Amino acid sequence: MAMKFIRLLPFVFFFFTHFASAQVIMPEIIEIEEKEAADTSYTYQWDEESGGWIIYGRDINYYDEDKNLSSVLNQRWDTINKIWENFEQELKDYDKEGREMQSTIQSWDKDEKDWINVQLKTTTYDKRGNEAEILYQEWSRAAEEWLNTVLYLITYTITAEKSQVLIRTYSPYEAEWFNHQRFNFLYDNIYRPPAEVIVEGWNRESEQWNQSGRYVMSYNIRGDKTREIRLTWSPSLDDWIEGVRFNIRYRRGLKQEEIEQKWNSQTDEWINFNRVVYIYDDRGELEEEAIYAWNREEEEWVLDVRFLYSLQKPEDPETTSQ
């Protein structure tokens with residue numbers, strides 16, 4: 001089963017001629033799935049009013065002859081018209097070694113009834129097979145071409161752990177790449193994940209790097225990250241200022257809970273902010289995700305949104321299912 005995830009931010013994917021219609025009635029798309037798609041995963045959203053799960057969306061995964069994931073079509077259920085409606089899709093290309101070379105993202109234009117290019121990601125690898133460069137480009141509808149936006153340059157230690165990630169941004173007016181940010185990974189033990197990450201920003205006037213952020217991480221014996229504290233450098237105080245903290249809990253190697261807290265400098269304490277709870281099936285596949293917000297007045301977690309991920313097709317998308 002492919003891992004199902006919900007997109008809380010707008011992702012972008014691009015061109016694919018395999019899907020031509022904007023809206024596909026469920027019986028038709030199911031017939032296509034059974035013939036061509038390797039798997040389809042459904043997302044259900046909890047409805048407080050009815051006290052049950054209602055269909056929200058689905059991902060249809062397609063594979064090439066080498067069994068590489070070639071495309072993912074994401075659709076949302078239109079509760080008014082009672083039809084599946086295209087939302088976005090991702091298309092992937094691979095090299096002979098099965099490594100992803102390009103990932104293109106498209107979003108569906110309801111008015112034009114066509115896929116619109118949004119983002120192109122191109123990855124190149126070093127001699128050891130590690131990601132060395134990742135180029136992001138955005139589609140210009142006016143110019144009808146891909147425009148450079150961001151470039152990631154990645155270097156590694158002798159044990160193939162990340163040493164530095166340099167981020168450059170492209171200026172179309174100057175037709176030139178400029179340094180923007182870099183992340184330096186620090187290790188207490190070369191066989192363990194990084195203990196710290198120092199973030200630096202590039203100053204074009206002085207042409208030098210200035211530290212701006214710092215991540216401090218803790219891990220369990222499995223190497224799973226259990227805590228991450230993000231700090232910001234204050235030039236006026238000449239010190240690091242705590243900002244955000246993530247506390248992560250695991251069970252049998254699976255993430256069970258992640259709590260985000262923010263530092264209150266007035267009371268010198270961490271304040272709860274967001275909480276995500278994960279539930280898995282017997283095979284260790286993500287089955288349910290619940291997102292909570294902290295109510296400071298009541299001092300309790302309040303459910304914001306809850307999703308159920310399943311391979312089970314909804315018998316009748318127009319109704320809720322307990």
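The following conversation concerns a predicted model of one protein chain.

Visitor: How many helices and strands does the chain have?

Guide: In this predicted model, the chain has 1 helix and 19 strands.

Visitor: And what share of its residues count as buried?

Guide: Of the 322 residues, 40% count as buried. The accessible surface of the chain is about 19,500 Å², and carbon and sulfur atoms hold 46% of that surface.

Visitor: What part of the contacts comes from residues 24 or more positions apart?

Guide: Such pairs make up 33% of the contacts in the chain that have a separation of 6 or more.

Visitor: Let us turn to strand E6. Why is E6 described as largely enclosed?

Guide: Strand E6 covers residues 100-109, and 7 of its 10 residues are buried, so the rest of the structure largely encloses this strand.

Visitor: In which sense does E5 pair with E6?

Guide: Strand E5, residues 83-94, pairs with E6 in the antiparallel sense, over 7 bridges. Within that pairing, Glu88 is positioned opposite Ser107 of E6.

Visitor: How many residues are there between E5 and E6?

Guide: There are 5 residues between these two strands, which form a hairpin. Gly98 is in the turn and has a positive phi of about 80 degrees.

Visitor: What about E7; how many bridges join E6 to it?

Guide: Strand E7, residues 114-125, is joined to E6 by 8 bridges, and the two run antiparallel. Gln102 has Thr122 in E7 as its bridge partner. The hairpin of E6 and E7 has 4 residues between the strands, and Lys113 there takes a positive phi near 50 degrees.

Visitor: Moving further along: how do E14 and E15 run?

Guide: Strand E14 (residues 225-234) and strand E15 (residues 239-251) run antiparallel and are joined by 8 bridges. Arg230 stands opposite Val244, a residue of E15.

Visitor: Which residue in that hairpin takes a positive phi?

Guide: Asp238 does, with a value near 55 degrees; the hairpin of E14 and E15 has 4 residues between its strands.

Visitor: And which strand is joined to E15 by 8 bridges and covers residues 254-264?

Guide: That is strand E16, which runs antiparallel to E15. Ile248 has Glu258 in E16 as its bridge partner. E15 and E16 form a hairpin with 2 residues between them, and Arg252 in the turn has a positive phi of about 55 degrees.

Visitor: A change of topic: where is Tyr152 found?

Guide: Tyr152 belongs to strand E9, which covers residues 145-156.

Visitor: Why does Tyr152 count as partly exposed?

Guide: Its relative accessible area is 28%, and partly exposed applies because this value lies between the cut-offs of 20% and 50%.

Visitor: Which residues is Tyr152 in contact with, leaving aside neighbours within four places in sequence?

Guide: Tyr152 is in contact with Ala132, Glu133, Ile134, Tyr136, Val165, Leu166 and Ile167, once those neighbours are set aside. As for Thr123, which is 29 residues away along the chain, its C-alpha atom and that of Tyr152 are separated by 9.4 Å.

Visitor: One last residue, Asn74: is it buried or exposed?

Guide: Asn74, in strand E4 (residues 69-78), is buried, because its relative accessible area of 4% is under the 20% cut-off.

Visitor: What joins the side chains of Asn74 and Asp59?

Guide: A polar contact of 2.6 Å joins these two side chains.

Note on methods: Residues numbered from 1 in each chain as written. Predicted model: local features only at pLDDT ≥ 70, side-chain atom pairs only at ≥ 80, totals over all residues. Heavy atoms only, no water. Buried < 20%, exposed > 50% of the residue type's maximum accessible area, 1.4 Å probe, protein only. Contact = heavy atoms within 4.5 Å. Pairing = 2+ DSSP bridges. Areas by Shrake-Rupley, 256 points an atom, 1.4 Å probe, with all protein chains shown as cover. Polar contact = N/O pair within 3.5 Å; in protein donor to acceptor, adjacent residues only side chain to side chain.
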